[in-house]
Amino acid sequence: RYSVDFLHQTPIIMPKFANVDALEKHLATRSYITGYSLSADDKTELSALKALPSFATHPNAFRWASHVIALTGLCVLSGAGAAPAATSAAIEDMDDMFADDNEDEELNEDGETAAEAAATKARQARMEA
């Protein structure tokens, strides 16, 4: 599992799984490659992938890879070394997960959206009754 870069005298960690099918089988009962949190093994395995696993054929590997990408910012290379568009879009969606969906809504003269204005009007009507 380990090799040594004799030029720099540093160990090189080799991937643990021969293919995505083996990785999928391993991740069917685990959240990480080893242990219960992100480790160097997860980063090594992610770096060894040639492309993001397909959700349709390898759902556990896809889940794991998306999670590790989100935690580390590492990218899975595809073909000539470009990040897959689906991966970039998925990461962008995760970054914007808690953002307001009403960024483009028009505001009234009081600085409220239509929904906020309706809620204020209803609240005032209840207080007057």
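## Helix packing and the largest pocket

Trainee: How do H1 and H3 pack in this predicted model, and at what angle?

Mentor: Happy to start there, and yes, the model is predicted. The axes of H1 and H3 lie 7 Å apart, and the angle at which these helices pack is about 85°. Angles of 65 to 115 degrees count as roughly perpendicular, so H1 and H3 are roughly perpendicular.

Trainee: Which residues make that contact, and how do they divide by class?

Mentor: From H1 come Val20, Leu23, Glu24 and Leu27. H3 brings Pro59, Asn60, Ala61, Arg63 and Trp64. By class, the contact of H1 with H3 divides into six nonpolar, one polar and two charged residues.

Trainee: What about H2 and H3: what is their angle, and how are they oriented to each other?

Mentor: Good one to look at next. H2 covers 40-48, and H3 covers residues 59-72. Their axes are 10 Å apart and the packing angle is about 110°, so H2 and H3 are roughly perpendicular to each other.

Trainee: Is the crossing of H2 and H3 left-handed or right-handed, and which residues of H3 make the contact?

Mentor: The crossing of H2 and H3 is left-handed. On the H2 side, the contact is made by Asp42, Lys43, Glu45 and Leu46. On the H3 side, the residues are Trp64, Ala65, Val68, Ile69 and Thr72.

Trainee: How many charged residues does the contact of H2 with H3 have?

Mentor: Let's go through the classes. Five residues of this contact are nonpolar and one is polar. The charged residues number three.

Trainee: Now the largest pocket: what is its volume, and which residues are closest to its centre?

Mentor: The largest pocket has a volume of about 160 Å³. It is lined by 10 residues, and the closest to its centre are Phe17, Ala18, Asn19, Ala48 and Leu49.

Trainee: Which helices each supply at least two residues of that lining, and how does the lining divide by class?

Mentor: H1 (20-27) and H2 (40-48) each supply at least two residues. By class, the lining of the largest pocket divides into seven nonpolar, one polar and two charged residues.

Note on methods: Residues numbered from 1 in each chain as written. Predicted model: local features only at pLDDT ≥ 70, side-chain atom pairs only at ≥ 80, totals over all residues. Heavy atoms only, no water. 1 Å grid on protein atoms, 1.4 Å probe; cavity = no way out; pocket = protein on both sides within 12 Å on 5 of 7 lines; lining within 4 Å. Points joined across faces, edges and corners; volume = space filled by probe spheres on them. Helix = DSSP H or I, 4+ residues; strand = E, 2+ residues; numbered from the N terminus. Nonpolar A, V, L, I, M, F, W, Y, C, P; charged D, E, K, R; others polar. Axes fitted to C-alpha atoms, helices over the stretch in contact; angles between N-to-C directions. Parallel < 35°, antiparallel > 145°, perpendicular 65-115°, else oblique. Left-handed = near helix turned anticlockwise from the far one by under 90°. Contact = heavy atoms within 4.5 Å.
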